[in-house]
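Walk me through this model, one element at a time. Where do the sheets lie, what packs on them, and where do the annotated sites fall?

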Amino acid sequence: MTITHLKRGKPEDQRAEDDARVRATVETVLKDIETRGDAAVRDLSVKFDTYDPPSFRLTDSEIQAAMQQVSPRDMDDIRFAQDQIRRFAQAQRASMTDIEVETLPGVTLGHRNIPVQSVGCYVPGGKFPMVASAHMSVLTASVAGVPRIVASAPPVQGAPHPAIVAAMHLGGAHEILVLGGMQAVGAMAIGTQTIAPVDMLVGPGNAFVAEAKRQLYGRVGIDLFAGPTETMVIADDTVDAELCATDLLGQAEHGYNSPAVLLTNSRKLAEGTLAEIDRLLQILPTRDTAAASWRDYGEVIVCDTYDEMLEQANAIASEHVQVMTDRDDWFLEHMHSYGALFLGPRTNVANGDKVIGTNHTLPTKKAGRYTGGLWVGKFLKTHSYQRITTDDAAALVGAYGSRLCMLEGFVGHAEQCNIRVRRYGGRNVAYGTAAE
């Protein structure tokens, strides 16, 4: 059994240095927003986006004016994508039911799925205005029934991006902000004089946005801790090098630090993919970004067996995992740590990112070991309730509760149980003792 790395990425310690610099910057910015509110947000908008409008919130007329700039074809495509995402989100929501069950005579337990009351949806718009991110966050929150959805994206060339505004509006946003980066995330979470704070933050972003969400977690909820886009291709000799190279570079173009990994049991495919990546980087228009990612974060791992490939894939726990082998369903059955799977050569991450219907906000940095991605359930809180309706049940459960509380030394807890045993069970329990 042999695992060979034909190519490795940047060492982990160098990545940690980058993270430390981002962390310090974000901490300073969030403190400034908390102290100065709108003034801090405006200074940051001018500094990073050269944008200084009368208000960061778009009016209804401004939203309509932006949407008028979107071509009919683009508007049709946005609606098509939202239809697919809405259908899947609605099916997911339908799978989450409120329950109520009588566990003992007179004892009723249940839970209700209640929407988060306000959500801030961040939509990246820097080098690549990510229209699809508006579908994934805003629309999914809308299907969940969130009553206040705030959507924010940075200006593009000094103005709201028309297609992003259209996607936010059609997705169900109640407030649309033209505000980018960590200042947008900070303003929505902390609140300012003109922006009411939200209960939860969702959506992808650059390293500064991700770090801002991490630092704000606890003050508000978040969808997940998201890092740079990651992709893994698991392939054998049933596919060719051009397909593998195209799929790896298609995600590497996201940013300079987007990990891309080929995992294969074919050395011929591995070497062919390396050569094909070199060829494609000569003609890919986004090669400057993709080449940097591939140079510093690209990996090619050759295994002897499918079992080794599976073990490596679960250990890496990549955000996007494309499986193109002669046993795709076997990987589906046995993979347990990843963001989303894309099965078969006809399937690709780009479709998942933009249109197919699943959500593209997914766990990175090995978080797939303990969480899935954004979905309608992330916007719902499952709250339990209890009801005892008979005297016999109150006395029965109360006696057990009394003894278990005293076992732990919680006398006050025990008395909550004891008083019910006395009143509803007619039993004389001495104060501060366990019920018999």
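The expected span of a helix is 1.5 Å times one less than its number of residues. Keep that rule in hand for helix α16, which covers residues 411–425. The model is a predicted one.

Apply the rule to α16. Its 15 residues should span 21 Å, and the end C-alpha atoms lie 20 Å apart, which agrees. Which residues of α16 are buried? They are Ala414, Glu415, Cys417, Asn418 and Val421. An α-helix has 3.6 residues a turn, so residues three or four places apart point the same way. Part of the cover over the buried residues of α16 comes from α15, residues 391–408. Just past the end of α16 sits Gly426, with a positive phi of about 65 degrees.

Helix α15 also leads to a sheet. This sheet is open and has three strands, ordered β2-β3-β14, with antiparallel pairing. Its edges are β2 (99–104) and β14 (380–388), each paired on one side only. On average, neighbouring strands here are turned by 20 degrees against each other, with direction ignored. Between β3 (residues 107–115) and β14 there are nine bridges, and the two strands run antiparallel. One point of register is Asn113, which stands opposite Thr382 of β14. Helix α15 packs on this sheet and touches β2, β3 and β14. The direction of α15 makes about 110 degrees with that of β14.

Now turn to the other sheet. It is open too, with five strands in the order β6-β5-β4-β7-β8 and parallel pairing. Why is one side of β6 and of β8 left without a neighbour in the sheet? Strands β6 (175–178) and β8 (221–222) stand at the edges, and each has a single partner strand, so one side of each stays free of a neighbour in the sheet. At the β8 end, two bridges join β8 to β7 (residues 200–202), and these strands run parallel. Met200 has Gly221 of β8 as its bridge partner.

Helices pack against these parallel strands. Helix α5 (residues 131–144) packs on the sheet and touches β4 (118–122), β5 (148–153) and β7. The direction of α5 makes about 175 degrees with that of β5. Helix α6 (residues 162–171) lies across β5 and β6. It runs at about 170 degrees to β5.

Next, the cysteines. A disulfide is a covalent bond between the sulfur atoms of two cysteines. How many disulfides does the model hold? The count comes to zero, with the cut-off for a sulfur pair set at within 2.5 Å. Cys121 counts as buried because its relative accessibility is 0%. Cys303 is in no disulfide, and the nearest cysteine sulfur, that of Cys244, is 14 Å away. Cys303 counts as buried as well, at 2% relative accessibility.

Last come the annotated positions. In an unreviewed entry, UniProt gives the annotation "binding site" to Thr229, Gln251, His254, His320, Asp353, Glu408 and His413. These positions span 185 residues in sequence, and the farthest two C-alpha atoms are 55.2 Å apart, so they do not all gather at one spot.

Take the three histidines in turn. His254 is in the loop between α9 (241–252) and β10 (260–264). At 28% relative accessibility, His254 counts as partly exposed. Leaving out residues up to four places away in sequence, His254 touches Phe128, Met130, Thr229, Thr289 and Asp353. Thr229 and Asp353 carry the UniProt annotation as well.

Is His320 buried or exposed? His320 counts as buried, because its relative accessibility is 2%. It is found in strand β12, residues 320–324. Beyond residues up to four places away in sequence, the contacts of His320 include Thr229, Gln251 and Asp353. Others among them are Glu230, Thr231, Met232, Ala340, Phe342, Val349 and Leu362.

His413 brings us back to helix α16, where it lies. At 40% relative accessibility, His413 counts as partly exposed.

Terms used: Residues are numbered from 1 along each chain as its sequence is written. This is a predicted model: local features need pLDDT of at least 70, side-chain atom pairs count only at pLDDT 80 or more; totals for chains, interfaces and linings use all residues. Side-chain values use heavy atoms; hydrogens and water are left out. Two strands pair if DSSP finds at least two bridges between them. Helices (H or I, at least four residues) and strands (E, at least two) are DSSP runs, numbered from the N terminus. Contact means heavy atoms within 4.5 Å. Axes are lines fitted to C-alpha atoms, for helices over the stretch in contact, and angles run from 0 to 180 degrees between N-to-C directions. Buried means under 20% relative accessible area, exposed over 50%, partly exposed in between (1.4 Å probe, protein chains only). UniProt positions are given in the numbering used here, feature names are shortened, and annotations may be inferred rather than shown by experiment.
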